[in-house]
Number of protein chains: 2
Amino acid sequence: MNLHGKNFIGDQLESGSSASFRALSPLDSTPLEPVFHPAELKDVDAAMQMAEAAFASYRETTGAQRADFLEGIAVEILALGDDLIQRAHRETGLPPARLIGERARTIGQLQQFAQLVREGSWVEARIDTALPDRQPVPKPDLRRMLQPLGPIIVFGSSNFPLAFSVAGGDTASALATGNPVVVKAHSGHPGTSELVATAVRRAVVAAHLPAGVISLLHGSGQVIGVALVKHPFARAVGFTGSRVAGRALFDAAAARPDPIPVFAEMASLNPVFILPEALRERTSQLAEGLRTSITMGVGQFCTKPGLVVGVQGPAFAQLQKTLAGLLEAVAPGTMLHGGICAAYHQGQTHAAKVDGVKLLARSQTAPDPKQTQGEAMVLTTDDGNFRRHPELAEEVFGPFAVLIAAESIAELEAVARNLEGQLTATVHGSPGDLERAGNLLRLLERKAGRLIINGFPTGVEVCPSMNHGGPYPATTDVRFTSVGTAALARFVRPICYQNFPAAQLPAALQDGNPLGIQRLVNGKRE
Amino acid sequence: MNLHGKNFIGDQLESGSSASFRALSPLDSTPLEPVFHPAELKDVDAAMQMAEAAFASYRETTGAQRADFLEGIAVEILALGDDLIQRAHRETGLPPARLIGERARTIGQLQQFAQLVREGSWVEARIDTALPDRQPVPKPDLRRMLQPLGPIIVFGSSNFPLAFSVAGGDTASALATGNPVVVKAHSGHPGTSELVATAVRRAVVAAHLPAGVISLLHGSGQVIGVALVKHPFARAVGFTGSRVAGRALFDAAAARPDPIPVFAEMASLNPVFILPEALRERTSQLAEGLRTSITMGVGQFCTKPGLVVGVQGPAFAQLQKTLAGLLEAVAPGTMLHGGICAAYHQGQTHAAKVDGVKLLARSQTAPDPKQTQGEAMVLTTDDGNFRRHPELAEEVFGPFAVLIAAESIAELEAVARNLEGQLTATVHGSPGDLERAGNLLRLLERKAGRLIINGFPTGVEVCPSMNHGGPYPATTDVRFTSVGTAALARFVRPICYQNFPAAQLPAALQDGNPLGIQRLVNGKRE
């Protein structure tokens, strides 16, 4: 595995600025070879120029060609073999087994989008044929389909070095729909990013696509990231990360002379509400489920439950006790990088100092700073105190949660009513609990993009029905998902073709339906 | 016809502030009775509180209930009879025949959305059933559908006092999908707005819907409009108007603690490109078509062609000559209000003063200021001069266009390449011209939301295939249309329901498909 540490400007490798950095392994705090070079502003412009140039021909490729390309990327990623898993492990601290699973998901996403665009109905073709004799005015022939937006900026995410980075869900949905992509690599896993970019480039060459269809730049979000978002050729942005960084990108995009959409997936508490009968009947099972969901992957999932709400009483006390015992036994784990680990401990400390908050439990083993470890921690308080301290509703990214003892169902509902937007909201209830939970469920529909009954929010299925998105600050655009096949809707726009002769129409809209896709013709599904 | 001049806060009539204004008839510059009262900020809050309260039950109504409601609005608008047409005529100067046509379109839109939500498939139901035995982890049951966003702010538009105002396309698509609406009336036609609001309120009562489902406020865009957009309960905004006003609303929405989407339809030149063979073969026909499209409705359509580009030569000279003759014979017409008329003359003057620009023709009859008239005017210049003076590419709202004599096809394409975003772009060409126009058509796909061949951009069909939207500054969100059935996509968001028992699922997602709608079940269309 020879890494060069350079930026990919399409098929050109550029050394960027004279500045340099190394990845630091969170496993043992050692710097990793080689040296990486942050891009310069001229590299941003060069990558965007190439992306814009590539768009002219890439947007004209057929669905089958793009499907072959996506499947080619999947093959090339697999061909990187254990080198990729080992580098990602050293850069992120994530266990190889998890990374092998994440690679499977990444490949699965690429294949799912390949299937979708090979089939072709995603363009939502609509045809209304002419009525030349209509009174008082003739009706023209109108045909409409979805078309790609243009160059898309994708920010690699630290917590999914494969599935939401260089060739992750954002890139796959942008490429699938005919958009070139410029990726800003996450500084936590530059080597992993370079390896995947190399795989994507091999697929670009094999598919005879223009070089500018993908570029990869290293560098800071505030400089290189913002410059990409502000570049005149950028048409949309995909981002997963912190609320502060996501909002900064959103603001930069909104302040452009021509604003562009930003799909930033940011902060979410993923509240879990436990109703009384379920609490009594499944106390231990709930405690075990919470322990797992709060601490899996060292709590570094966007859907980690950070808030658990139940009605006070003996069953709630029992839940607390059981959960406390389970959490104390959870060993601290290596977090993704030093910055996340420091922010985690700061968030813990900040929350634990809030008046009226008690420590319920923390990992009995102390975290090892050299191994960049975070320990599990759960705090507890009552609903009144939670309401008085809105800072307790801020996401603490890591194996951390706040347990709220609500005085009554009404107070539990009040907690729901006062929440900001969420990716998910979960309700545990017996059939009887759920029959009485209409108010709560309706409240939660306003607050979250995905509602879960008697399950846990971690584990995001990649499928057509998934919605991974939610009201602000969970995301900056509640109308779109970043996971599942609907994710491609973020990077397309409708175009209507009026009175076009057959030869000038895109194949998807031609008479006789040459692509054999589903279409809406004169109001009827065909 | 007794008008009260008050604001509708749901079912309450409020006199607003002590300030007052009258509509001024552009037909004869006379003030019209009665006095209208701008809303105060407390009225904004009251209307939004009522809208939010109404949303709780309105979002739970069935598609059939909302369809009945929309059809009820249509009936009540018709029942206003000639009073509505006469008041709109006096307030806007638009001829009664045009207003009768616009009323038919308004009613047609309401009925089309009613049909769509009664049928119900618009929710895009997707179901992925559980695989409890899947390895390594079970697959949960996931079901996803579109749900309403919440209270929507609609700005009445001056140029469509019926079809894009109180019960126009924005309101119809928001109400159809289960969202309450708060309308900011356009100050140009407050009486028309009150009449339509009265009709909507009758339909609200007849349908036993909560009062807050619609409110109507008078007042300035900068004060009342911005306050509505910034209100915490507002979830999205629909606007048609000027670039400056649209951008101000967009900026206000983007600066919110929780940004919300703004669908502002703003400025568009709607360029028309005439290719050489078509120019030679259809010179007079093109001149007549341009005359009509530039001057119909006194040029006050968002899709009025404001830029015409052809290749210089004898045919182009002949087009100029014929068009000049036709335009000189066009009588000045009453514009919508004094502000638009003043801005029109300012825009004309500004453009005519640009170096190297020549007057091709103007209406021979001088406009009568008392009748708020605008006269037709076309300027002409060459592509080099057009490129040197970007101010010539600014929309002049009214019966005005700039004719560009390009040196060659390459220069004509260069004009296209340098354009900002447009609602429409039109190409006139013979079959041979069009065979050679691949470059131009591909350029225009990047620039516009609707492409027209051998037609004219005015005339926006309301149907599933329509796209009325385009890249900035044509609109603030290229991914959506404000006309046609797809307009409802602006005001909805997906929600995913995981592991929901049947009793807690929305009907659209229940087993057995009780609504009989089209759904995607385990990847198959059913």
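The following paragraphs describe selected features of a predicted two-chain model, from one strand to the contacts between chains A and B. Residues are numbered from 1 along each chain as its sequence is written, and chains are lettered from A and ligands numbered from 1 in the order in which they are written. Because the model is predicted, local features need pLDDT of at least 70 and side-chain atom pairs count only at pLDDT 80 or more, while totals for chains, interfaces and linings use all residues.

A good place to start is strand β10 of chain B, residues 236-240. Helices (H or I, at least four residues) and strands (E, at least two) are DSSP runs, numbered from the N terminus. In β10(B), 5 of the 5 residues are buried, a residue being buried if 20 or more other C-beta atoms lie within 10 Å of its own, exposed if 12 or fewer, and partly exposed in between, with C-beta atoms placed from the backbone. In a regular strand the side chains alternate between the two faces of the sheet. Accordingly, Ala236(B), Gly238(B) and Thr240(B) point one way from β10(B), and Val237(B) and Phe239(B) point the other way.

Strand β10(B) has parallel partners, where two strands pair if DSSP finds at least two bridges between them. With β7(B), residues 152-155, the pairing is parallel and runs over 3 bridges; here Ile153(B) stands opposite Val237(B). With β11(B), residues 262-265, there are 4 bridges, again in the parallel sense, and Thr240(B) has Glu265(B) as its bridge partner. Between β10(B) and β11(B) the chain passes through helix α8(B), residues 243-254, in a right-handed β-α-β crossover. Right-handed is used here for a path from the first strand over the helix to the second that runs clockwise with the strands pointing away from the viewer.

Helix α8(B) also appears among the elements that give two or more residues to the side of chain B that touches chain A. In total, 53 residues of chain B are in contact with 53 residues of chain A, contact being defined by C-beta atoms, placed from the backbone, that lie within 7 Å. The largest share on the chain B side, 6 residues, comes from β21(B). That side divides into 26 nonpolar, 14 polar and 13 charged residues; Ala, Val, Leu, Ile, Met, Phe, Trp, Tyr, Cys and Pro count as nonpolar, Asp, Glu, Lys and Arg as charged, and the others, Gly among them, as polar.

Strand pairing also links the two chains. Strand β19(A), residues 492-498, pairs with β20(B) in the parallel sense over 3 bridges, and Cys496(A) stands opposite Arg450(B). In addition, an open sheet of 12 strands with mixed pairing includes β18(A) next to β21(B) in its order. Its edge strands, each pairing on one side only, are β13(A), residues 358-362, and β23(B), residues 524-525. Within this sheet's order, β6(B) is followed by β5(B); these two run antiparallel and are joined by 3 bridges, with Asp128(B) and Leu142(B) as bridge partners.

Chain A is divided into domain 1 (7-22 + 32-266 + 479-490) and domain 2 (272-453), with bounds from an automatic or database domain assignment. Taken over C-alpha atoms, the domain centres are separated by 34 Å. Contacts involve 8 residues of domain 1 and 10 residues of domain 2, and the domain 1 side has no nonpolar, 6 polar and 2 charged residues.

Several backbone details deserve a closer look. The peptide bond from Gln135(A) to Pro136(A) is cis, with omega near 0 degrees, and Pro136(A) is found in the loop between β3 and β4 of chain A. In chain B, a cis peptide bond joins Tyr472(B) and Pro473(B), with omega about 5 degrees; Pro473(B) is in the loop between β20 and β21. Positive phi values in residues other than glycine occur at Ser29(B), near 60 degrees, and at Val298(B), near 50 degrees. Ser29(B) counts as partly exposed because it has 13 C-beta neighbours inside 10 Å, whereas Val298(B) counts as buried because it has 28.

Finally, Leu99(B) lies in helix α4(B), residues 96-119, and is buried because 22 other C-beta atoms lie within 10 Å. Leaving aside neighbours within four places in sequence, Leu99(B) is in contact with Ile85(B), Ala88(B), His89(B), Leu94(B) and Leu162(B). Leu162(B) is 63 residues from Leu99(B) in sequence and 7.9 Å away in space, C-alpha to C-alpha.
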